[in-house]
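Reader: I am new to this structure and would be grateful for a close look at a single part of it. Could you please take the annotated domain and describe what lies in and around it?

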Amino acid sequence: MRYAHEVDKVRAAEQALMARLPDGTLMARAAAGLAAVCARLLPRVYGARVVLLVGGGANGGDTLYAGALLARRGARVVALRAGTSVHEGGAAALRAAGGRLLPPDATGEIDTADLVIDGLTGIGGSGGLREPHATLARRASAAPATLVACDVPSGVDASTGAVAGTAVHADVTVTFGTHKPGLIIDPGAAHCGVVELVDIGLGADLPDPDVVAARPDDVRPPEPGPESDKYRRGVVGVIAGSGTFPGAAVLAAGAAVRGGAGMVRFASDAHAVELVRQRWPETVTRVVEPGPDVLAEIGRVQAWVVGPGLGGGERAEALVGAVLASDVPVLVDADGLNAVSRSDALRRALLCRDVPTVLTPHAGELARLLRVDRDAIEARRLEHARRAAVELGATVLLKGSTTLVAELDRPVRVNPTGTAWLATAGTGDVLSGLVGALLAGGMAALEAAAAGAYLHGLAARLASGREGREAPISAEDVLRAIPDAFRTLD
Ligand SMILES: NC(=O)C1=CN([C@@H]2O[C@H](COP(=O)(O)OP(=O)(O)OC[C@H]3O[C@@H](n4cnc5c(N)ncnc54)[C@H](O)[C@@H]3O)[C@@H](O)[C@H]2O)[C@H](O)CC1
Ligand SMILES: [K+]
């Protein structure tokens, strides 16, 4: 797992470590790591033009010391001071190494630089960048120089990834001690470029992470063994589709088949059932009307998926209500989520469940569930995913530019796979069927949701093609690539 810690935890760990070390040791480690990455990025250090953007805090201090190290190797280093005062020791080190400090209006230096280091704000930054920081951030982001952010791209909230106004667009971010959530969650993540972690020795002082991102060997879907049969591998029940949206049913049922379920039971109205039967003859289908015994009519399952393409109205509410009253894990998606948004009774049913529920909203659906603005969700995804997990009593998979999975008292999972090409109709239906199969296979809710998001994002990448040569993909293409995604796991 890749671990990320919020600012208060980073500061506490730094304090604990600093108390055992001579003054200035951590800053020296950070600066050395930053300078080493910059030196690697330059064709040659000697003679390179390096510009430092220096704010008034320790982030500026790290940057000045790194600049001094590059100046000692022959780089021509100038620092533009944005703070009213800058780190004294760092400024003295830069001068002693032959570097110069200039006022912030010397912005022409940025346009001719080979490399710019952004040391305006780090984990101490808060709110939108003020002037002259904002102007320097804009100018550096637009300049041809390689732009390296020290610890955090200035203007990005390190704990959340929120960006309130201007923020640096870095090519590389060199971060210290541990990842910060804001470096792996959008919109902040999109400002980081490549993130390099420099070890400054914080390890033993860091508590449990706030946010984690899986590496390939962290994803372990259930594997069939010698004694597996279709029932032991997990039966998933999919209730999806309607006369208006039958396609969602075909995609969700297909993803449940491809996701490794031992058997898929599919139930809906006659039209959706007919389409699913034609496309997925391996499913066991049943035409149902909402009623008190609807689940018994469909048969026993180990997990339910309800919602894709159900449409609005009472039918959707009744079917979601029936599934929420069951005693097996449930995944609610799409129109199922909208039914929960409309109905206080369904909300109560959700909170009363004592078996896991996974909700898979995109930002618009979550906005309706939480009764907040969609823009607020997009701007502060981490906060809203966590809040939804608490308020709705469920494992919440928030889809979008960075997919998050939140569950009460657990580190939030950030999905590292995926591609912008995934933003197309029907891919959410594929995700819900896939996660449903993993739930039916016995994975815990958080693991199933995170593994499903991982495999889904990977399938989309495999379908869209090699990096730099991608092509548009359909939900059907993602569905077809699911087996390839499984094959890439160790
Ligand atoms: N503590 C250590 O030993 C280590 C710290 N490292 C580096 O230190 C920074 C954190 O430094 P800190 O002084 O706490 O804060 P910053 O430099 O990030 O920012 C404070 C600075 O910025 C001004 N400011 C805040 N918000 C804004 C804004 N919106 N617009 C303009 N200016 C703003 C504020 O007034 C202060 O002047 C950490 O990121 C590391 O880089 C190293 O990790 C080594 C160990
Ligand atoms: K910075």
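Author: The account below begins with the annotated domain, proceeds to its helices and a strand residue, and ends with the metal site.

The model is a predicted one. In an unreviewed entry, UniProt lists residues 213–489 under "domain: YjeF C-terminal". Over residues 213–489, helix accounts for 49% of the chain and strand for 13%. The C-alpha atoms at the two ends of this stretch are 15 Å apart.

One helix pair to examine is formed by α18, residues 427–440, and α19, residues 445–464. Their axes are 9 Å apart, and the helices pack at an angle of about 135 degrees. An angle of that size makes α18 oblique to α19. The crossing of α18 and α19 is right-handed. On the α18 side, the residues that meet α19 are T427, V430, L431, L434, V435, L438 and L439. Their partners in α19 are A445, A448, A449, A451, G452, A453, L455 and H456.

A second pair consists of α12, residues 313–324, and α14, residues 344–352. Here the axes come within 10 Å and cross at roughly 15 degrees. Helices α12 and α14 are therefore roughly parallel to each other. The crossing of α12 and α14 is left-handed. In this pair, E317, V320, G321 and L324 of α12 meet L346, A349 and L350 of α14.

The strand residue chosen here is T395, which is placed in β16, residues 395–398. T395 counts as buried because its relative accessibility is 4%, and the cut-off for that term is under 20%. Leaving aside residues up to four places away in sequence, T395 touches T357, V358, L359, V405, A406, E407, A445, L446 and A449. Two of these names, A445 and A449, have already appeared among the α19 residues that meet α18.

The metal site completes the picture. The potassium ion (ligand 2) has protein donors lying 2.6 to 3.2 Å from it. Side-chain atoms among them are N59 (OD1), D118 (OD) and S154 (OG). The donors also include the O atoms of D118, T121, C150 and V152. Along the chain, the donors follow the spacing N-x58-D-x2-T-x28-C-x1-V-x1-S. Distant parts of the chain are linked by the pair D118 and C150, which are 32 residues apart. D118 belongs to strand β5, residues 115–119, and C150 to strand β6, residues 146–150. Both D118 and C150 are buried.

Notes
Residues are numbered from 1 along each chain as its sequence is written. Chains are lettered from A and ligands numbered from 1 in the order in which they are written. This is a predicted model: local features need pLDDT of at least 70, side-chain atom pairs count only at pLDDT 80 or more; totals for chains, interfaces and linings use all residues. Side-chain values use heavy atoms; hydrogens and water are left out. UniProt positions are given in the numbering used here, feature names are shortened, and annotations may be inferred rather than shown by experiment. Helices (H or I, at least four residues) and strands (E, at least two) are DSSP runs, numbered from the N terminus. Donors are N, O and S atoms within 2.8 Å of the metal (3.2 Å for Na, K and Ca); water is not among the atoms, so sites may look incomplete. Buried means under 20% relative accessible area, exposed over 50%, partly exposed in between (1.4 Å probe, protein chains only). Axes are lines fitted to C-alpha atoms, for helices over the stretch in contact, and angles run from 0 to 180 degrees between N-to-C directions. Angles under 35 degrees count as roughly parallel, over 145 as roughly antiparallel, 65 to 115 as roughly perpendicular and the rest as oblique. A crossing is left-handed if the near helix is turned anticlockwise from the far one by less than a right angle, and right-handed if clockwise. Contact means heavy atoms within 4.5 Å.
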